[in-house]
Amino acid sequence: MRQIKNIFILFLTLRALAVSAGDAQDLLQNASNRVHQSLDGTWQIIVDPMETGYYNHGWKPKKNGYFMDEKPKSVSDRVEYDFDTSDELYVPGDWNMQADRLYYYEGTVWYRRKFLITKESEKKYHLYFGAVNYRSIVYLNGELVGEHIGGFTSFNFDVTDLLQEGQNTLIVKVDNTRDKDGVPTINTDWWNYGGITRSVLLVETPQVFVQDYSIQLSKNNTVEGWVKLNNNNAGKVEIAIEGIGKQVVQVKAGKASFEFDKSPKHWSLDDPYLYQVTLSCNGENIKDEIGFKSIAVQGQDIMLNGESVFLKGISIHEEAPFGTGRVTTREQCKILLDWAKELGCNYIRLAHYPHSETMVRMAEKMGFLIWSEIPVYWTINYDNPSTYSNAENQLVEMITRDKNRVGIGLWSVANETPVIDSRNEFLNKLIKKTRDLDPTRLICAALNTQKSKNGKNLIDDPLGEYVDVIGINSYCGWYGGTPESCSSWEWATKFKKPMIMSEVGAGALQGYHGEENVRWTEEYQSAVFHSNIEMLKNIDFLRGVSPWILMDFRSPRRSLKNIQNDFNRKGLISEQGLKKESFFILQNYYNSLPNQMK
Ligand code: GCB
């Protein structure tokens, strides 16, 4: 009997272990401002198009896959891989731009990084990944740590128990194979850059630590928030906001709310003020910079701090200036944002997926209102419940990471999706989830569907009912209509809501000149911009514009030799940083407009 009981206990323990190695755990808020060791740098890699490191010849997962980092035990031993003599890739970074043979590669690459640590018994250790595209499986010292799906959001694992004193071996299986049921799906107009594309950190915290927090403006114009400790722990957290005050919050069952009755100075487009905030708990001091604003919709107006604003924007992909590939450095973020400033923008649309935390933080500091989006793009599989869970998970991860970023004004749930019942249901569910998670910001989606007849457009997509702000992507002069015709296009809407022209644009090869009617010339692109700007001036419910796009970006859909060469050419700036004429046309338009509507 006793034996049976022991076996049962063993079974339960094994089950618990199996459950704990799995999905990523609750996100560690503000990871990069905690004590950490950076695991960025050179990693050893093995390219594995046949999944040999994971499956055996019968397609069964191997027990001794590449994650074991095995070495032959004798000269006669057979081990058919060796990280020590393999190639290297830099992390953070995509693999496509780092090795010619990986330019179009889609599949698995194994990454290995060894690191040293002096373990402190009273500490917890977390492996934090800024982003890995798209599917990752993480192993530490030969043990499975967990898995993550989604190429643009952060995730972390508690690795305290698996971490060894001294040397550790971290192996990550990264797979960027496109998937019909994935988010995004197999079809996108951007490069499927694979790899560990954002920083990897080994973060240390106390045993009881601040897992997450939210600090923002309350409806009464005070500062309110909540703080959450790991695993429903109880403890004390001191919250200090320079210029506002300090208080100690007693956390009982994991989470506690607080409020400071002082009214903060507002963050605004002209004065993007951020407060210095410190959260202290059990010896950990987490520094943050947090601003306070209100954003709401009133009829067809977007009200920022109670004033109706016009959002002068630009769409931006996370594509690195000059080198192309994924943006990986602060300097690259700065170049993109400086260009947007020079253009006269007060708003940026970070398309089509969550960009790095560095980008978001820098943008809000520079006074940009931000549209942040999940890659629910075109025709993902709206009928598949697991596609929905994946999209919702990416939404939750985006909002969890960025809810304290005052610059974010709009959460976008989708881009150019077909008007069909399954999509309406899917997106409505996502919108509800967004509202539950964050009732303080506006919800939008970029729609491409309007009833269009003889230059008269009617916005009647049923999704218009559920979003706060309607985004419209319209390509008059490029995918339809001549450039001259656009200025007489008219727009009407069924919804009494603000509209942002979330995309408008045309392709041009920088430096290619000719008559206005010659495709790909800067003159053609300029003509499209001129006439579309005239069109925009006549839309009385228009409250923002974010033309497509700041810089040319790589897309495998764009193969026209000598013109595109794998680039979408709708940038106002070439990938080499050279401005096209259209940059200055948009700049003139923006310079003629104040931030406020009236
Ligand atoms: C769109 C998409 C964007 C494309 C763009 C284009 O509507 O939202 O991702 O890159 O059109 O250039 O066709």
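The legends below describe close-up views of a predicted model.

**View 1. The whole chain and its three domains.** The protein is split into domain 1 (16-206), domain 2 (210-292) and domain 3 (316-591). Its secondary structure amounts to 7 helices and 34 strands. The C-alpha trace covers about 85 × 60 × 45 Å along the principal axes. For 598 residues a compact globule would be expected to have a radius of gyration near 25 Å, and the protein, with 25 Å, agrees with that expectation.

**View 2. The contact between domain 2 and domain 3.** Between the C-alpha centres of domain 2 and domain 3 there are 33 Å. In this contact, 13 residues of domain 2 meet 11 residues of domain 3. On the domain 2 side, β12 (210-217) and β18 (284-290) each provide at least two of the residues that touch domain 3. The most come from β12, which gives 4 residues. By class, this side of domain 2 consists of 7 nonpolar, 3 polar and 3 charged residues.

**View 3. The three-stranded sheet with β12.** An open sheet of 3 strands has the order β12-β13-β16, with antiparallel pairing. The edges are taken by β12 and β16 (255-260); each has a single partner strand, so one side of each has no neighbour in the sheet. From one strand to the next the twist averages 15 degrees. Strand β13 (residues 223-229) is joined to β12 by 7 bridges in the antiparallel sense. Within this pair, V210 is placed opposite L229 of β13. β12 is also the strand that gives the most residues to the side of domain 2 touching domain 3.

**View 4. The four-stranded sheet with β18.** Here 4 strands make an open antiparallel sheet in the order β15-β14-β17-β18. At the edges are β15 (245-251) and β18, each paired with a single strand, so one side of each is left without a neighbour in the sheet. Neighbouring strands are turned against each other by 20 degrees on average, direction ignored. Strand β14 (residues 235-241) runs antiparallel to β15, and 7 bridges join the two. One of the paired positions is A240, whose bridge partner in β15 is K246. The edge strand β18 also supplies at least two residues to the side of domain 2 that touches domain 3.

**View 5. The residues around the ligand.** The ligand is surrounded by D189, H352, N415, E416, N473, E503, W548, N568 and K570. This shell is made up of 1 nonpolar, 4 polar and 4 charged residues. H352 of the shell is found in the loop between β23 (347-350) and α3 (357-365). The peptide bond that leads from A351 to H352 is cis, with omega near -15 degrees.

**View 6. A second cis peptide bond, at P184.** V183 and P184 are joined by a cis peptide bond with an omega of about 5 degrees. The loop that holds P184 runs between β10 (166-175) and β11 (200-206).

**View 7. The backbone at N305.** N305 is not a glycine, yet its phi is positive, at about 50 degrees. This residue is placed in the loop between β20 (301-304) and β21 (307-308).

How values were computed:
Residues are numbered from 1 along each chain as its sequence is written. This is a predicted model: local features need pLDDT of at least 70, side-chain atom pairs count only at pLDDT 80 or more; totals for chains, interfaces and linings use all residues. Domain bounds come from an automatic or database domain assignment. Two residues are in contact if their C-beta atoms, placed from the backbone, lie within 7 Å. Ala, Val, Leu, Ile, Met, Phe, Trp, Tyr, Cys and Pro count as nonpolar, Asp, Glu, Lys and Arg as charged, and the others, Gly among them, as polar. A residue is near a molecule or strand if its C-beta atom, placed from the backbone, lies within 6 Å of it. Two strands pair if DSSP finds at least two bridges between them. Axes are lines fitted to C-alpha atoms, for helices over the stretch in contact, and angles run from 0 to 180 degrees between N-to-C directions. The radius of gyration is taken over C-alpha atoms; the globule rule is 2.2 Å times the number of residues to the power 0.38.
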